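Please open the model in your viewer and keep the selection panel at hand. The stops below go from a pair of helices to the contact between chains and then to the cores.

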Amino acid sequence: MRTPSGRWSTGRLLIVVALVAVVGGALVGTAVGYGFHYEARQTRNIYLFNNGLDFNETTFGLPHDTFTPDHITVNKGDTVVLHYINIEDKPEKHNFSIGVPYNIDVDVAQGQTAEITFTANYAGIFLYYCKYHTPTMEGYLTVQG
Amino acid sequence: MRINMRSRSTLRWTSTTLAVITGAINFYYGNTFAGFYENLWYVMGGIYIFAAIVLAANVMPNFVQPTIFGYALFLLSLWAVGALLTGAGVDAVAFVDKGVEALLAVNMGLLIQKSRIQ
């Protein structure tokens, strides 16, 4: 299959290169497929509520309000849709805030729902909080990527 | 001989253009779609842009042309198997990218054939 000059024929060269490339690609693709747990970016609907712990606020000097859930984990690139529902049984306002780089600050009145949509473009762990009930009403948004 | 030279030149410039297009799509894909793997797409796109420059300059064609041919087939195969196993990278942009890549591989095959005809 070599030409008189000692070179491989064109057909042989193309076949060998194609075979090496396709088999190599398939092997790496298999390794990627099994070795990494890739999730395509997606829209994540998360329902978020205010909650209350049963203690006397005056005695402890702390608000009894908390978030449920207080940890949210998404992948970088995901679209996050928070349905934030104020389930207070008395007229009390709550808030959802995240600082830089997301810069979110939304109030929700009693019995109301706020839809907060953003794209998780920045990886890291971000504190979210109700600006009226810190330091107890706080949680962490983890953006992995 | 002149016809062969002209067709070789056409194939070389077509391949250069296709390599630039697929490199640009890789950059775009890394920037907007890829999520965890965006850096990998930048690397793949960068290699295509570099390959386009080398191809345009016609440096060491006996080595460069089969390498680009193999690189295109390698990425096609990698994508196909990866998509099959993970379900990732099966969107319109990836299909366009892989279509251009397949054209590039065919074009490179023809260019190699033409280049080796003495």
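Select helix α1 of chain A (residues 10–35) and helix α3 of chain B (residues 61–86), helices being DSSP runs of H or I with at least four residues, numbered from the N terminus: their crossing is right-handed, in that the near helix is turned clockwise from the far one by less than a right angle. The axes come within 7 Å and cross at roughly 35 degrees, where axes are lines fitted to C-alpha atoms over the stretch in contact and angles run from 0 to 180 degrees between N-to-C directions. This is a predicted model, in which local features need pLDDT of at least 70 and side-chain atom pairs count only at pLDDT 80 or more, while totals for chains, interfaces and linings use all residues. Residues are numbered from 1 along each chain as its sequence is written, and chains are lettered from A in the order in which they are written.

Next, widen the selection to the whole contact between the chains, where 22 residues of chain B meet 24 residues of chain A, a contact requiring C-beta atoms, placed from the backbone, within 7 Å. On the chain B side, α3(B) gives the largest share, 14 residues.

Then select Phe69(B), which touches Val17(A), Ala105(B), Met108(B), Gly109(B) and Ile112(B), leaving aside residues up to four places away in sequence. Phe69(B) is also among the residues with the most contacts inside the largest nonpolar core, which has 32 residues; such a core is a set of buried Ala, Val, Leu, Ile, Met, Phe, Trp, Tyr and Cys residues joined through C-beta atoms within 7 Å, buried meaning that 20 or more other C-beta atoms lie within 10 Å of a residue's own. Here too α3(B) supplies the largest share, 11 residues.

Terms used. Helix = DSSP H or I, 4+ residues; strand = E, 2+ residues; numbered from the N terminus. Contact = placed C-beta atoms within 7 Å. Buried ≥ 20, exposed ≤ 12 C-beta atoms within 10 Å, placed from the backbone.
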